[in-house]
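Student: I have the sequence and the coordinates open. Can we go through the labels and what stands behind each one?

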Amino acid sequence: MLHWIVTADLRGDGQLSWCGLTAPKPGDNLAIGISPAGQELWNYPLPQGGQPRPIEPIIAGRITREGPGQWILPGPDGSIHFLAADGKPLDKFNYGAPLQGLATVEIDGQPVLVVSSDSGLEALKVEQGAAK
């Protein structure tokens with residue numbers, strides 16, 4: 001059973017990619033890619049537990065200039081996970097504070113990850129797999 005689902009044209013080709021969240025057992029968090037026919041294409045386990053604050057659990061965005069967009073998934077432990085449109089893990093890091101929100105924007109032609117936490121709002125430019 002899915003408890004969240006998001007669709008987005010991550011490849012820019014007019015075809016929607018689908019990402020959902022499920023909990024195979026209490027406390028588990030599993031992101032899954034879904035075909036238009038409802039079949040599981042890939043899965044990615046997230047850290048166990050529940051989010052300490054309400055937060056959008058799947059963000060479709062862009063943290064790279066080139067190629068398709070990405071799925072961005074906040075973990076309940078303050079981690080942030082980046083998956084390619086096809087579910088391939090790209091990167092992850094621990095933010096160090098409970099997350100309240102995530103978004104991607106473009107500033108001066110550069111993709112930026114915006115993170116909201118108790119500390120406020122922070123914009124992180126991602127280069128070669130590392131946040132700046």
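Student: Why is glutamate 66 called buried or exposed, whichever applies?

Tutor: Exposed means over 50% relative accessible area, buried under 20%, and partly exposed in between, with a 1.4 Å probe and protein chains only. Glutamate 66 has 64%, so glutamate 66 is exposed. This is a predicted model, where local features need pLDDT of at least 70 and side-chain atom pairs pLDDT 80 or more, while totals for chains, interfaces and linings use all residues. Residues are numbered from 1 along each chain as its sequence is written, and side-chain values use heavy atoms, leaving out hydrogens and water.

Student: Where is glutamate 66 found?

Tutor: In the loop between strand 5 and strand 6; a strand is a DSSP run of E, at least two residues, numbered from the N terminus.

Student: What makes serine 117 count as buried or exposed?

Tutor: Its relative accessibility is 4%, so serine 117 counts as buried. Serine 117 lies in strand 10, residues 110–117. Not counting residues up to four places away in sequence, serine 117 touches Tyr95, Ala97, Pro98 and Gln100, where contact means heavy atoms within 4.5 Å.

Student: How do you know that strand 6 and strand 7 pair?

Tutor: Pairing requires at least two bridges found by DSSP between two strands. Strand 6 (residues 70–74) and strand 7 (residues 79–84) have 5 bridges, in the antiparallel sense. Proline 74, for instance, has isoleucine 80 in strand 7 as its bridge partner.

Student: What is the strand order in the open sheet, and which are the edge strands?

Tutor: The open sheet of 4 strands has the order 5-6-7-8, with antiparallel pairing. Strand 5 (59–61) and strand 8 (89–94) are the edge strands, as each pairs on one side only.
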